[in-house]
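Here are my notes on the model, point by point. Please read them with the structure open.

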Amino acid sequence: MSLFGLGSRNQKTFRPKKSSASGSRGAQLKQHIDATLGSGNLREAVRLPPGEDPNEWLAVNTVDFYNQVNILYGTLTEFCTPSKCPTMTAGPKYEYRWADGVTIKKPIEVSAPKYVEYLMEWIETQLDDETIFPQRIGAPFPPNFRDVVRTIFKKLFRVYAHIYLSHFQKIVTLNEEAHLNTCFKHFVLFTNEFRLIEKEELAPLRDLVDSILGA
C-alpha cells in the first residue's frame with residue numbers, strides 16, 4: 001500500500017492537505033523547508049532561517065507537521081478501529097482523554113480513531129482561524145500564538161506515540177517504517193529546537209526521543 005495512494009482518503013479521520021496561502025511569506029518559507037529537507041540534514045532543516053520571523057516559521061511548520069501526521073495515520077485507519085483501539089493509548093501506561101476546552105470541556109474517554117478525528121478537526125479549526133494563523137503578509141500573530149502551537153504539537157506527539165506503540169508492526173508490514181522514523185525524527189528535532197513539548201509529555205517514547213537527540 002503506497003503511503004500517498006491512500007484508499008482511506010474518504011474517511012473522516014483523513015483530511016485534505018493544507019497549504020500556505022499562494023504568494024504569501026509562508027509559501028516562500030515552505031520552499032525553504034522543502035529545499036533543506038531535500039539536503040537530508042534534518043538538524044539544519046528545523047533551524048530558523050536567518051532574518052525570518054520565528055512565528056512565521058512556526059506557523060508554516062505547524063501546517064507541515066499536521067499534514068505529515070495526517071498522512072501517516074491515514075494509512076492505518078483500517079487497522080486502528082474502535083474495536084481494536086477502544087481507548088487512545090501510548091503503551092500500557094499512558095491513556096489520553098479528549099477535551100478541546102470549548103465543546104468538550106471535561107476530558108472524555110474515546111477510542112483512538114475518535115480521538116484522532118477530534119484532534120485533526122480541532123487543529124484544522126485553529127489553522128483556518130486567521131486571528132491565530134494569519135494568512136496576509138504582515139498580519140500580526142496573537143499573543144497566545146506559541147501556546148496554541150505548543151498544544152498542537154503536544155497532541156500530535158500523542159498520535160505518533162499511539163502509532164509506534166500500537167501499530168508499529170503494521171507499519172513494518174506496509175514497508176513504511178523508514179518514512180515514519182524520518183517524519184518522527186524531523187518532528188522531535190523541531191519540537192526540541194523550539195521547546196514546544198514538555199519533557200514529561202515525551203515519556204511514552206523517551207528512549208526513541210533520546211536516541212534521536214543523542215542524549
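1. F157 is a good place to start. In this predicted model, F157 touches Y96, F184, F187, I197, E201, L202, P204 and L205, leaving aside residues up to four places away in sequence.

2. F157 also belongs to the largest nonpolar core, which has 60 residues. Along with F133, Y160, F184, F187 and F190, F157 touches the most other members. Elements giving two or more residues to this core are α3 (54–74), α4 (112–128), α5 (145–173), α6 and α7. The largest share, 13 residues, comes from α5.

3. How do α6 and α7 cross? The axes of α6 (residues 177–193) and α7 (residues 206–213) come within 10 Å, at roughly 75°. The two helices are therefore roughly perpendicular to each other. On the α6 side, the contact is made by F184, K185, V188, L189 and N192. On the α7 side, L208, V209, I212 and L213 make the contact. These residues divide into seven nonpolar, one polar and one charged.

4. Now the cysteines. How many disulfides are there? The count comes to zero. The cut-off for a pair of cysteine sulfur atoms is 2.5 Å. The sulfur of C80 has its closest cysteine sulfur in C85, 3.8 Å away, so the two are too far apart for a bond. C85 is likewise in no disulfide, with the sulfur of C80 as the nearest cysteine sulfur.

5. Are these cysteines buried or exposed? C80 is buried, with a relative accessible area of 2%. C85 counts as buried too, at 6% relative accessibility.

Note on methods:
Residues numbered from 1 in each chain as written. Predicted model: local features only at pLDDT ≥ 70, side-chain atom pairs only at ≥ 80, totals over all residues. Heavy atoms only, no water. Buried < 20%, exposed > 50% of the residue type's maximum accessible area, 1.4 Å probe, protein only. Axes fitted to C-alpha atoms, helices over the stretch in contact; angles between N-to-C directions. Helix = DSSP H or I, 4+ residues; strand = E, 2+ residues; numbered from the N terminus. Parallel < 35°, antiparallel > 145°, perpendicular 65-115°, else oblique. Contact = heavy atoms within 4.5 Å. Nonpolar A, V, L, I, M, F, W, Y, C, P; charged D, E, K, R; others polar. Core = buried A, V, L, I, M, F, W, Y, C linked by side-chain atoms within 4.5 Å.
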